[in-house]
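Trainee: I'm new to this one, so could you walk me through it and tell me how each label is earned?
Mentor: Sure, have a look at it and then ask away.

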Amino acid sequence: MGAQWKQKGREAAANAKGKVLSKLAKDIMVAARHGADPATNARLRMAVDAARKASMTRDTLERAIKKGAGLLDEPVHYDTVTYEGFAPHQVPVIVECLTDNKNRTSSNVRVLFRKGQLAASGAVSWDFARLGAIEATPPEAGVDAEEAAIEAGAQDLEPGEEGATRFYTEPGDLDAVSRALAERKWNVSSAELVWKAKNPLTLGDAERAEVEAFLSAIDEDDDVQHIYVALA
């Protein structure tokens, strides 16, 4: 929770999967602005890998690349906009959006933060670290994750979900470490830049449920791409 909040079960329902694929397509389009070839564009390569793992069809994937690279007649341009603020109970939150209309997104975010507090840029990001995060599972039981982290060049690690390990890197090392883990037969399920909370807060059940309801409402907005929260 301290690195990136994810709505429980979001990918279980068909409509939720559609939202996930839509967000992945936006990631691809933004990355493709710096080149349509994944072999020479590390950010695009990671976005394409994530889309394939989410079962995006080949046609949809290729169309997103061409759109982002300006190779189609209907050019699209998304801007990254980051908002900082507090969820209920003064829990720091960073919301990253990809939007083709900044005014619309800004208006929507202000409404979504009514039960919290929208703050100025820098108000909470100082209490987060900008890192690369790689989720990967070992090739077999008993493999030493710490040894793999050292060999691959990761800076830190922690247990992930369902037997996975989350490796942290310097932002510029994300692609290299991801490739090094894959070469060591680790199954990399995601590789992305994240905001990791330095001092995650611990709340009681009732307060935590209130924060999660607040985050869930924000996540429903189509322009919202990622949510990071300082919650233990």
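**How the labels are earned**

Mentor: Keep in mind that this is a predicted model. The chain exposes about 12,200 Å², and carbon and sulfur atoms supply 48% of that area.

Trainee: How many helices and strands does the chain have?
Mentor: There are 7 helices and 8 strands. Along its principal axes, the C-alpha trace spans about 50 × 45 × 35 Å.

Trainee: How do you know what radius of gyration a compact globule would have?
Mentor: The rule is 2.2 Å times the number of residues to the power 0.38. For 232 residues it gives a value near 17 Å, and the chain has 18 Å, so the two agree.

Trainee: And how much of the chain is buried?
Mentor: Buried residues make up 42% of the 232 residues. As for contacts between residues at least 6 apart in sequence, 71% of them join residues at least 24 apart.

Trainee: What about the charges?
Mentor: The chain has 29 positive and 37 negative side chains, and the centres of those two sets lie 6 Å apart.

Trainee: How many aromatic pairs does a search of the whole structure find?
Mentor: The search finds 2. One of them joins F113 and F214, with ring centres 5.4 Å apart and planes at 80°.

Trainee: What makes the pair of F113 and F214 edge-to-face?
Mentor: Centres have to lie within 6.5 Å for a pair, and planes over 60 degrees apart count as edge-to-face. With 5.4 Å and 80°, F113 and F214 meet both conditions, so the pair is edge-to-face. F113 sits in the loop between α4 and β3 while F214 is in helix α7, so the pair ties together parts that are 101 residues apart in sequence. Both F113 and F214 are buried.

Trainee: Why is the pair of F167 and W186 called edge-to-face?
Mentor: Run the same check: the centres are 5.3 Å apart and the planes stand at 85°, so this pair is edge-to-face as well. F167 belongs to strand β6 and W186 to the loop between α6 and β7, so the parts tied together are 19 residues apart in sequence.

Trainee: Why does F167 count as buried?
Mentor: Buried means under 20% relative accessible area. F167 is at 0%, so it counts as buried. W186 is at 5%, so it is buried too.

Trainee: Where does L157 lie, and why is it called partly exposed?
Mentor: L157 lies in strand β5. Partly exposed runs between the 20% limit for buried and the 50% limit for exposed; L157 has 25%, so it counts as partly exposed. Leaving out residues up to four places away in sequence, L157 touches A145, E146, A149, T165, R166 and F167.

Trainee: What about L231, buried or exposed?
Mentor: L231 has a relative accessible area of 0%, so it is buried. You'll find L231 in the segment after β8.

Trainee: What is the phi of S55?
Mentor: Phi of S55 is near 70°, a positive value in a residue other than glycine. Most residues other than glycine have a negative phi. S55 is in the loop between α2 and α3, and at 48% relative accessibility it counts as partly exposed.

Trainee: And where does Q90 lie?
Mentor: Q90 lies in the loop between β1 and β2. Q90 has a positive phi of about 60° although it is not a glycine, and at 47% relative accessibility Q90 counts as partly exposed.

Definitions and conventions:
Residues numbered from 1 in each chain as written. Heavy atoms only, no water. Helix = DSSP H or I, 4+ residues; strand = E, 2+ residues; numbered from the N terminus. Buried < 20%, exposed > 50% of the residue type's maximum accessible area, 1.4 Å probe, protein only. Contact = heavy atoms within 4.5 Å. Areas by Shrake-Rupley, 256 points an atom, 1.4 Å probe, with all protein chains shown as cover. Lys, Arg positive; Asp, Glu negative; His and termini not counted. Charge placed at Lys NZ, Arg CZ, Asp CG, Glu CD. Phe/Tyr/Trp six-rings, centres within 6.5 Å; stacked < 30°, edge-to-face > 60°.
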